[in-house]
Amino acid sequence: MSERVLVNQLQGLADGPVSVSGWVETVRDQKKVQFVILRDETGAVQLVNPATRPAEDGAEQDAAALALTDLISTLATGTFLTVTGDLKHDERVKLGGVEIKIAALDVAASALPETPIAADSGLDKRMDWRFLDLRQRRNNLIFRVQTTLEHAFRTYWIERDYIEVHSPKLMASASESNAELFEVPYFEDKTAYLAQSPQFFKQMAQVAGFGKIFEIAPAFRADPSFTSRHATEFTSIDAEISWIDSHEDVARMQEELLQAGFQAVKDKHGAEIQELFGLDVEVPAIPFPRIPLAEAREIVRSRGYEIPRTDGDLDPEGERQISAHVEETYGHQFVFITDYHPEIRAFYHMRDAETGLTKSYDLLFKGVEITTGAQREHRVDVLIEQAREKGLEPEHLDFYFDFFRYGAPPHGGFGMGLARVLMLLLGQDSIREVTYLFRGPTRLAP
């Protein structure tokens, strides 16, 4: 058997024998010639077969040629097969300037003749048949972009001596909000919880003396939200660093990280993203703009929008409005909103001694929050008191407070949603489009 060649390698090969494998995208079964468009994970190529039909006068014909023509006539979209044949370069062929004349065709697995989804199928229908939906070239690109982005993030961190950790996803107690926990039956009538974030264990690494760490891993939120940007299981990108002076150190690291990631995506996929998504990847300039929350609310109000929330935070429309202001004023797609009141932040966010506000930020990208970052409170007595203020029972968090009873460095970090970044980077309307298999309140399959 000839060694398999990927479609994107064909243009670099000389004319001659070749073997390709993939799935059938289309078949044009004409009287004198048959064309098959075969797609693999790297692209598509045209296959051609001079058709051999039964002679009207009953004359004897090549049985193998007849069988090949009959087989091609029965191929359904989605059939996986291997083709051997002769590669020929021909500039008249619109699809890559090459085609393969079929010599032999081996069907690995046939497909049913009618597919359950079409190009105009609704999102929920496509999610029902996600394995078919993912065969589209643009969906393939989404996950190649994701791979490049994650690799660039890891490269940034590893080149700066960060340690990658894999924190447990089964926890004995909540890391943030009891209301957003999935309970899991555990041994001996115990109850475990799926981790909402690696927050506590990121901080434990600082106390352990790791200095700088990162993690890219699943997180779970029992949040019955049906918005385009929420999921019950998502990939969280987290980092934590020691010996910081404020949340500004965290913000500087994150903007450098995003700049490196976007540059890698633009360099590797920019032309294809323009072709398939119709947009240019903009590599953000640093530093990103910073706006305190109180000032951001005033700017939003001056634009004619009254934020209905009573807790002092921005709502989604407020986020869009402040981001529009930043785009108009600074020409920037990112903005850090800083200086949040303790009432709308986690108990472990450090507070500024002068203002009483937290040393924290949200990062907005194209009008959508993608990150919360902060300096953490590392003084155990202050931490316990802040937990009490939030209505939390300190004894339920004793294992966490133990981390800080034996010394801890000043530290901080962030958590960022991978799907939100991809959704906005590629101009999509929902994280469902950029999530391999989405999980939400009403979706557990496929």
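This passage walks through the sheet, the helices packed on it and several salt bridges of a predicted model.

A good place to start is the open sheet, in which eight strands follow the order β6-β10-β11-β16-β15-β14-β13-β12 with mixed pairing. Its edges are formed by β6 (163-164) and β12 (290-292), each of which pairs on one side only. Within the sheet, strands β15 (residues 368-375) and β16 (residues 411-417) run antiparallel to each other and are joined over five bridges; T371, for instance, has M416 in β16 as its bridge partner.

Two helices can be placed against these strands. Helix α5 (residues 199-207) packs on the sheet and touches β10 (212-220), β11 (233-242) and β16, with its direction at about 25° to that of β11. Helix α7 (residues 293-302) instead lies across β12 and β13 (334-338), at about 90° to β12.

Salt bridges number 35 in the model. One of them joins D238 to K202, with the closest N and O atoms 3.0 Å apart. Because D238 belongs to strand β11 and K202 to helix α5, this pair ties together parts that are 36 residues apart in sequence. Both D238 and K202 are buried.

Another salt bridge brings together the side chains of E180 and R221 (3.5 Å, N to O). E180 sits in the loop between β7 (170-171) and β8 (183-185), and R221, 41 residues away, in the loop between β10 and β11. E180 is partly exposed, at 24% relative accessible area.

Within helix α8 (residues 316-330), E317 and R320 are three residues apart, so about one helical turn separates them. These two residues also form a salt bridge, their closest N and O atoms being 3.0 Å apart. E317 is partly exposed at 25% relative accessible area, and R320 is partly exposed at 44%. Finally, E248, D249, R252, E255 and R290 are joined into one network by salt bridges that share partners.

Definitions and conventions: Residues are numbered from 1 along each chain as its sequence is written. This is a predicted model: local features need pLDDT of at least 70, side-chain atom pairs count only at pLDDT 80 or more; totals for chains, interfaces and linings use all residues. Side-chain values use heavy atoms; hydrogens and water are left out. Two strands pair if DSSP finds at least two bridges between them. Helices (H or I, at least four residues) and strands (E, at least two) are DSSP runs, numbered from the N terminus. Contact means heavy atoms within 4.5 Å. Axes are lines fitted to C-alpha atoms, for helices over the stretch in contact, and angles run from 0 to 180 degrees between N-to-C directions. A salt bridge is a side-chain nitrogen of Lys or Arg within 4 Å of a carboxyl oxygen of Asp or Glu. Buried means under 20% relative accessible area, exposed over 50%, partly exposed in between (1.4 Å probe, protein chains only).
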